[in-house]
Amino acid sequence: MRPKIVAGNWKMNGSQAFVQDYFAGFKQSWNDKDLGKFTGLKVIIIPPAILIESSKRSTVNHGLQDYLEFAGQNVSSFTEGAFTGEVSAVMLKDFECSYSLVGHSERRALFGDDNQIINQKIKQLLDVGVRPILCVGETLEQREQGLAKETVQAQVEPVLSALSNEELKSLVLAYEPVWAIGTGKTATPDEAQEMHEFIREVVAKKSPSIAQQIVILYGGSVNAGNASSLFAKKDIDGALVGGASLKFDEFAEICELCGESDSK
Ligand code: PGA
């Protein structure tokens, strides 16, 4: 049985005041929905790096520390030193982040994260025991040209070939079609399922057993209205939520829908 994960990527949003309000509200929603009963569900919060510490503190103040995990949105491909503006894997570990996103489409499109840099970042994370959440997905143009699967395969395979099977067990995947991110357009559950199944087949070429265990999240305009039809699909193990994760009540609802969905 695979774990279920709902991860909230705040992107470059939030403030210290937002953090205080968010976790106070989230705690209330958590209690109302009794989310602690979903033992197979992991909830991951992904704030901007500068807000990780205050978010963790707020989590403790509200007694949620045993239920929430934290992740970085990005990590440096370098270890330490003269790399102004970067956050290292060691720093994420030091702040008790158990995961970090890698290769989010905004990083690929705006900050030049290519397969080589992504592999370096994954290596940095694995070296210190932080689990990478590798984001992959095609643009609208690639989908319209019938290149969606090829594109995703070309993003997944270089990572697979750089990892040992042992390392691969730490990887989480997130399929996020670029055209669905922040646009209000989601892939239909069938479109998403088809790609998730395909990604599992790509992983199976390296290890059939790991392909069955690896968690594959869907991301791209996930909200409380569309989440349950996505979670119902057999290869969709949870969600990477952007915009809707900024609303604590909606995020809690998505967590509930994931918790209630059938285990796979
Ligand atoms: P969105 O973002 O939910 O706002 O579309 C998802 C993501 O980029 O991870």
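Where does L171 lie? Keep that in mind for point 5, where L171 comes up again. First, a caution: this is a predicted model.

1. **The ligand's neighbours.** Start with the ligand. There are 13 residues around the ligand, and K11, H104, E176, G182 and S221 come nearest. The ligand sits in the second largest pocket. Look for that pocket before you look for single contacts.

2. **Contacts to ligand oxygen.** Three residues are worth checking here. In H104, a polar side-chain atom lies 2.7 Å from an oxygen atom of the ligand. In G182, the contact comes from the backbone: an N or O atom there lies 2.6 Å from an oxygen atom of the ligand. G242 also uses a polar backbone atom, 2.9 Å from an oxygen atom of the ligand. How much of the ligand's accessible area does the protein cover? On its own the ligand has 280 Å² of accessible area, and the protein covers 95% of that.

3. **S221, a ligand neighbour with positive phi.** S221 is among the residues that come nearest to the ligand. S221 lies in the loop between β7 (216-219) and α11 (227-231). Its phi is near 55 degrees, a positive value in a residue other than glycine. Most residues other than glycine have a negative phi. Is S221 buried or exposed? S221 has a relative accessible area of 18%, and buried means under 20%, so S221 is buried.

4. **E96, another positive phi.** Here phi is near 60 degrees, again a positive value in a residue other than glycine. E96 is found in the loop between α3 (89-94) and β4. The relative accessibility of E96 is 55%, and the cut-off for exposed is over 50%, so E96 counts as exposed. Strand β4 (residues 99-102) holds S100. S100 has 0% relative accessibility and therefore counts as buried. A polar atom of the S100 side chain lies 3.4 Å from the backbone oxygen of G72.

5. **L171 and G137, two loop residues.** Back to the opening question. L171 lies in the loop between α8 (165-168) and β6 (172-175). A loop residue can still be covered: L171 is buried, with a relative accessible area of 2%. From C-alpha to C-alpha, L171 and S58 are 28 Å apart in space, and they are 113 residues apart in sequence. G137 is found in the loop between β5 (131-136) and α6 (140-144). At 8% relative accessibility, G137 counts as buried. G137 and F18 are 119 residues apart in sequence, and their C-alpha atoms are 30 Å apart.

6. **Helix α7, a length check.** Helix α7 covers residues 148-162, which is 15 residues. Why should α7 span 21 Å? The rise is 1.5 Å a residue, and the expected span is 1.5 Å times one less than the number of residues, so 21 Å is what to expect. The end C-alpha atoms of α7 are 22 Å apart, which agrees. Now look at which side chains are covered. In α7, the buried residues are A148, T151, V152, Q155, V156, V159 and L160.

7. **A192 in helix α9.** A192 has its place in helix α9 (residues 189-204). Its relative accessibility is 0%, so A192 counts as buried. Along the chain, A192 and P177 are 15 residues apart. Their C-alpha atoms are separated by 8.8 Å.

Definitions and conventions. Residues are numbered from 1 along each chain as its sequence is written. This is a predicted model: local features need pLDDT of at least 70, side-chain atom pairs count only at pLDDT 80 or more; totals for chains, interfaces and linings use all residues. Side-chain values use heavy atoms; hydrogens and water are left out. Helices (H or I, at least four residues) and strands (E, at least two) are DSSP runs, numbered from the N terminus. Buried means under 20% relative accessible area, exposed over 50%, partly exposed in between (1.4 Å probe, protein chains only). A residue is near a molecule or strand if one of its heavy atoms lies within 4 Å of it. A polar contact is a pair of N or O atoms within 3.5 Å; within protein, one must be able to donate a hydrogen and the other to accept it, and residues adjacent in sequence count only if both atoms are side-chain atoms. Accessible areas come from the Shrake-Rupley method with a 1.4 Å probe; for residues, only the protein chains shown count as cover. On a 1 Å grid over the protein atoms alone, a cavity is a set of points where a 1.4 Å probe fits but cannot get out, and a pocket is an open set with protein on both sides within 12 Å along at least five of seven lines; lining residues have an atom within 4 Å of a point. A molecule sits in a cavity or pocket if more than half of its atoms lie within 2 Å of its grid points.
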